[in-house]
Amino acid sequence: MSSFQQGQTIIFAIEEINKDPNLLPNITLGYHLYDNCLKLVVAFRAALDLISGREQTLSNLNCTGPPPVIAIVGDPGSTHSIAISSVLGLFRVPLISYYATCSCLSDRKKYPSFFRTIPSDAFQVKAMVQILKYFGWTWVGVIYSDDDYGIYAAQAFHQEMELFGGCVAFSEIMPYDNHRDIQRIVTVIKASTAKVIVAFSTDLLALMDELLLQNVMGRQWIASEAWTTSPVLHGSRYLPLVGGTLGIAIRRGEIKGLNDFLLHIHPDHDPRNNMVKIFWENMFGCRFQTGAGITGEKMCTGKEDLSSTVNEYTDVSELRASYNVYKAVYALAHALHDLMQCEEGRGPFIGNSCADINNLQPWQLIHYLQKVNFTTGFGDHVSFDKNGDALAIYDVMNWQPSSDGSIIVRTVGVVDEGAATGKVLTLDEDALYWNFETKKPPRSVCSESCHPGTRRATRKGLPVCCFDCLPCADGEISNITDSTECKLCPDDSWSNPEKTDCNPKEVEFLSYEDPLGISLTTASLLGTCFCAIVMVIFAHHRNTPVVRSNNSELSFLLLLSLKLCFLCVLLFIGQPQLWTCQLRHAMFGISFVLSVSSILVKTMVVIAVFKSSRPEGKSAMKWFGTAQQRGTVLVLTAVQVVICTVWLSTASPTPHKNTVYIRSKIVYECAIGSVAGFAILLGYIGLLAAVSFLLAFLARNLPDNFNEAKFITFSMLIFCAVWITFVPAYVSSPGKYSVAVEIFAILASSFGLLVAIFAPKCYIIILHPEKNTKKAIMGRPDAKK
């Protein structure tokens, strides 16, 4: 019925064109219809008859000679069109199909004269992928028929899914009458996690029956145009299985006047047209042949009324294939019209010539067909691209339950690649019917999306849609969904806890507000105060034996240097500046050399005093007079001044933002500039300390009245132990703690010297003044002055 309607649409369009004074004036179009009987051999023979001129019967009796066939409308099948176009292309005879969708027919090298008014499967696949993309369905199964239509459509679908970023969970060929293969496909569907199945086939009845038998529900079907509007599965028994199916259909159109034309055909109007007679007999179940009544069959009277019937032929509410037929005829008419408008000398052919309408060659029509551009009465634009394909436009259909429990197909959207708004897919979501308990679209993904802060890691041996979501490492971020990689933050920033953004790194240094900084500052100030208190005590009791016997000048110099040692700690606290970086180590080095050299001289004086008390060493003290003591301290300190000067002038310490210690923070520190300079500075202090310790250790057994050597030995033992421990602790401490370790070493060694050397003397001066006598210090109570 539908095929006959399409044939009548061709006649209607030709008659409409012939009556139109503005389109092909003074030209009358003729036609000849062939029934391909759904067989390739019949369709192929009909095409050859048309172009070879073997058929002599013409619809217009005024025409003479062979039929001037310049183009063919048809064939509807892809396989038929491939075979016919392969031959017609050799003779450049245009073939305009209204239903062949195989994307292979877009190959202009193989099919140079093929055109179509239905979008190819390449566009169909893109339209279907648009629907999948709209709902976020990236994990789908594919079922396709074992013919040119199904195979090429499935191949195109795989390619488009790959471009879209989706994956095909399974891909199965629909068998012909093989129940075992159908059962295998059902098993695959049941086992797959894909909830969406795309089908490119014209016959799914056997598969659907098996799915019903095994109660395989809960799948969202996506229908190709081959079965979107097919009524085969519209029965109520299939509603639980395929209800809610989304599909694309050929664009529905309206043709004004076609309904009246279809209802007014009659066998008597064209007695030579056997197709009308056969149609009439099938429509009304009667026969025109003489003697039909004798055999029990009803005789056709010719008074039967087509308007009283309801079937595919009389239904013009869903003109899809017939609408494409209508556009194909008009495309040819407009191409001929443009050809007729050619002005000699301005034509497109050799020598700027035009085509001769009395000797028209089919290949000349191809040129104009390629440039056809018109709008139908329904408002659709018609033109062909370089491959002969029409503009891609589809209706989106949804299978919904009707009042009687069967399935009704409703239009819920449109896919238009030529949309002026740029929005290819338009859907009315409120009009959609979903055959699920939630009444919402299902989820069909192999793996859920990875949120920002994570990255996708493909599972080995599985498609790219199957992945795990791994959190970004520290210092890396991903700020988009389904990111395939985490990006490193710049050097001056760090990832937030969610790993979605890079925040400026926290700048870390030992500050005065930091609890550790407060503690160390307090200790430094306390040490400075203790030094000042001891200086006051010694100054107040400067004439007492305890102070006088311990070389008061060196003692005051030692106290001053210790005060500088305590104060230099303050240079290590706070944000590093160029001047603090340069001054801290210089002041530290010079202060400690001043302290240690003072102790060294005191030790040497103690030894000299002991030697001078013996007859053989009376001349020893002349080498350790006041001037020599001052000179020795000055020279030893000057060496450190030279070391610091050379270091600061060649490779001065500078402020440095270190991102190595702690990657999540910027450690603001002083780069020492020259490791060798810093090592020499420490080494020189260590050398003086070692010499002082060695001399004091050798003098530890002097008589009690010269027990200063014991205190010096103990103080230098503390000093050396602290700085020997400092080196590994300093190297292994990260960030601001390395500065804290250095400060602790300064404070510990300074307090060690202060306590070990001056605490016993202050104890005697303040708490036991009775012992602050020459007799007590000399250790001989009966001694006289």
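Start by selecting Phe12, Phe261, Tyr326 and Tyr330: together they make up one aromatic cluster. Keep in mind as you click around that this is a predicted model. Across the structure, the count of aromatic pairs comes to 27.

For one of those pairs, go to Trp280 and Phe284. Their ring centres sit 5.0 Å apart and their planes meet at 50°, so this pair counts as tilted. Now show the backbone around them. Both belong to helix H10 (residues 274–284), and because they are four residues apart there, about one helical turn separates them. Are these two buried or exposed? Switch on a surface to look for yourself: Trp280 and Phe284 are both buried.

**Two helices that cross**

Next, colour helix H11 (residues 321–340) and helix H12 (residues 362–370). Two packed helices are described by the angle between their axes and the distance between the axes. Here the axes come within 8 Å and cross at roughly 105°. Angles from 65 to 115 degrees count as roughly perpendicular, and H11 and H12 are therefore roughly perpendicular to each other. Which residues make the contact? On the H11 side, show Ala331, Leu332, Ala335, Leu336, Asp338 and Leu339; on the H12 side, show Gln364, Leu365, Tyr368 and Leu369. Sort the residues of this contact by type and you get eight nonpolar, one polar and one charged.

**A little sheet**

Now hop over to an open sheet of three strands, in the order E22-E24-E23 and with mixed pairing. Strands of a sheet pair through backbone hydrogen bonds, either parallel or antiparallel. Select strand E22 (506–508) and strand E23 (654–658): these are the edge strands, each with a single partner, so one side of each has no neighbour in the sheet. Turn the view a little and look at the twist: on average, neighbouring strands here are turned by 30° against each other, direction ignored.

Zoom in on E23 and strand E24 (residues 665–671). The two run antiparallel, and five bridges join them. To see where one residue finds its partner, pick Pro655, whose bridge partner in E24 is Cys670.

**Some backbone oddities**

Most residues other than glycine have a negative phi, and most peptide bonds are trans. The next stops go against that.

First up, select Gly74 and Asp75. The peptide bond joining them is cis, with omega at about -15°. Asp75 sits in the loop between strand E1 (72–73) and helix H3 (78–91).

Then jump to Leu24, in the loop between helix H1 (2–19) and helix H2 (40–52). Leu24 isn't a glycine, yet its phi is positive, about 55°. What does its relative accessibility say? The value is 3%, so Leu24 counts as buried.

Asn215 is another non-glycine residue with a positive phi, this one near 55°. Find Asn215 in the loop between helix H7 (205–213) and strand E7 (220–223). Its relative accessible area is 56%, so Asn215 is exposed.

**Last stop: Val464**

Finish in the loop between strand E16 (454–458) and strand E17 (467–471), where you'll find Val464. With a relative accessible area of 48%, Val464 is partly exposed. Which residues does Val464 touch, leaving out those up to four places away in sequence? Show Cys167, Arg456 and Thr458 to see them. Now draw a distance line from the C-alpha atom of Val464 to that of Gly166: the two are separated by 8.1 Å, although they lie 298 residues apart along the chain.

Key
Residues are numbered from 1 along each chain as its sequence is written. This is a predicted model: local features need pLDDT of at least 70, side-chain atom pairs count only at pLDDT 80 or more; totals for chains, interfaces and linings use all residues. Side-chain values use heavy atoms; hydrogens and water are left out. Axes are lines fitted to C-alpha atoms, for helices over the stretch in contact, and angles run from 0 to 180 degrees between N-to-C directions. Angles under 35 degrees count as roughly parallel, over 145 as roughly antiparallel, 65 to 115 as roughly perpendicular and the rest as oblique. Contact means heavy atoms within 4.5 Å. Ala, Val, Leu, Ile, Met, Phe, Trp, Tyr, Cys and Pro count as nonpolar, Asp, Glu, Lys and Arg as charged, and the others, Gly among them, as polar. Two strands pair if DSSP finds at least two bridges between them. Rings of Phe, Tyr and Trp (its six-membered ring) pair if their centres lie within 6.5 Å; planes under 30 degrees apart count as stacked, over 60 as edge-to-face and the rest as tilted. Buried means under 20% relative accessible area, exposed over 50%, partly exposed in between (1.4 Å probe, protein chains only).
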